[in-house]
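Visitor: I am new to reading protein models, and I would like a close look at a single part of one. Could you take the salt bridges and go through them slowly, adding what surrounds them afterwards?

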Amino acid sequence: MHEFSVLAGKDIVELLDGQETEVIDWVEAAYLAHDAGSTVNPDSYFLRFPEKPDARIIALPAFLGGEDDVAGIKWISSFPANTGSGLPRASAVLVLNDYRTGYPFALLESAGISAARTAASAALAATALGGGRTRTVGIVGAGVIARTIARYLAAAGIPLTDVVCHDLDEASARALAGHLADRHGGGSRTGSLEEALGSDLVVLATTALSPYIGTEHALRDGQVVLNVSLRDIEPELLLTAQNIVDDVDHCLKANTSPHLAEQWLGNRSFIDGTLAEVLKGRITLTPERPVIFSPFGLGVLDLAVGHRLFRQAREQGRLTEVPGFFGETRRW
């Protein structure tokens, strides 16, 4: 009842390795639970810094019902300047709370969990929105998230035999292309933004603060764009496609591309629906038209992945117990 434990990042990495298809299934189940009303997923809360406009720390509280019945919060920082000194951009922790008592029972290093659930969401969307038509893949942004998404795309059956990698930092693009070639074979290479955007499946995984992809980069029929970083696409271009999000209210805020499109248009009529609605067959998309998936990122996904990894870690004896963590365990 009053035990508290820690699950370290090293163990998270080892637990996630080889479980890509399972993580995709966990994320899909969480999306469907959210659609069915079995979750509570309040707005994310942003801590920003006046002297570091590109940096932020975000709190994502959530509750996931059903077989999980777990609450919690992810506290994730994004400091893009870290990459200049060789540090990863993002770091995170996830706290899990017991639904019956409210007591926190675990602290998990969560950068890997966050990357995995983001990648699983992208892979799920890629297959649901037209993955069977994918022959070429373009990746814009060559960081940890891009590398993880590529791994999950491969696990979902998306071919990585013809991939164009683009990044403002050419060295990062070369590193990603080399990694993909070594791991998946084929013709992974670096290329221009235009080349990457011309692919059947486009992955946007940058740290952009404002849109830079406009109507001069016209989307073609049948193209799928995974707008993971959310702020790359100008509203005018967004409105030329079918638009799917993870959650309408969550996605249309914080100056994401869909939020800017709503402000520009004055309504939300351009949103075709959510990924869960596509998965449940309540929405039928036109295969000939381009489609953009914009996932804001739901805290329930972190809970779904984190709670299952916690249970696996407990079974395998990987948890580090913290005796006496709670100062008082009795009311009187």
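Guide: We need one definition before we begin: a residue counts as buried when its relative accessible area is under 20%, as exposed when that area is over 50%, and as partly exposed in between. Please also keep in mind that this is a predicted model.

With that cut-off in hand, we can take R282, which has a relative accessible area of 48% and is therefore partly exposed. The side chain of R282 forms a salt bridge with E277, and the closest N and O atoms of this pair are 3.8 Å apart. E277 is likewise partly exposed, because its relative accessible area is 21%. Elsewhere, K10, D11, E14 and R318 are joined into one network by salt bridges that share partners. In general, side chains of opposite charge can pair when their charged atoms come close.

The structure holds 16 salt bridges, and two others deserve a careful look for the parts of the chain that they connect. One of them is formed by the side chains of D200 and R220, with a distance of 2.6 Å from N to O. This pair links distant parts of the chain, since D200 lies in the loop between α6 (193-197) and β11 (201-204), while R220 lies in the loop between β11 and β12 (224-226), 20 residues apart. The two partners fall on either side of our cut-off: D200, at 16% relative accessibility, counts as buried, whereas R220, with a relative accessible area of 35%, is partly exposed.

The other pair is D249 and R268, whose closest N and O atoms are 2.8 Å apart in a salt bridge. D249 belongs to helix α8 (residues 248-251) and R268 to the loop between α9 (257-265) and β14 (271-274), so this pair ties together parts that are 19 residues apart in sequence. R268 has a relative accessible area of 33% and is therefore partly exposed.

Now for the surroundings, starting with a part of the surface that is nonpolar. L47, W75 and V93 form a nonpolar patch there, with about 240 Å² of accessible area together. V93 sits in strand β6 (residues 90-98), and because its relative accessibility is 31%, V93 counts as partly exposed.

Strand β6 also leads us to the second largest pocket, as β6 and α11 (299-316) each supply at least two residues of its lining. This pocket has a volume of about 330 Å³, and of the 20 residues that line it, the closest to its centre are E3, D98, F105, F310 and R314. Helix α11 gives the most to the lining, with four residues.

Finally, we can turn to helix α3, which covers residues 111-128 and offers a simple check of its length. At 1.5 Å a residue, the 18 residues of α3 should span 26 Å, and the C-alpha atoms at its ends are indeed 26 Å apart, so the two values agree. The helix is mostly covered, with 14 of its 18 residues buried, and it is followed by G130, whose phi is positive, near 135 degrees.

Technical notes
Residues are numbered from 1 along each chain as its sequence is written. This is a predicted model: local features need pLDDT of at least 70, side-chain atom pairs count only at pLDDT 80 or more; totals for chains, interfaces and linings use all residues. Side-chain values use heavy atoms; hydrogens and water are left out. The expected span of a helix is 1.5 Å times one less than its number of residues. Buried means under 20% relative accessible area, exposed over 50%, partly exposed in between (1.4 Å probe, protein chains only). Patches are made of residues with over 30% relative accessible area and no salt bridge: like charges are joined within 9 Å, nonpolar side chains (Val, Leu, Ile, Met, Phe, Trp, Tyr) within 5 Å. Accessible areas come from the Shrake-Rupley method with a 1.4 Å probe; for residues, only the protein chains shown count as cover. A salt bridge is a side-chain nitrogen of Lys or Arg within 4 Å of a carboxyl oxygen of Asp or Glu. On a 1 Å grid over the protein atoms alone, a cavity is a set of points where a 1.4 Å probe fits but cannot get out, and a pocket is an open set with protein on both sides within 12 Å along at least five of seven lines; lining residues have an atom within 4 Å of a point. Grid points are joined across faces, edges and corners, and a volume is the space filled by probe spheres set on the points.
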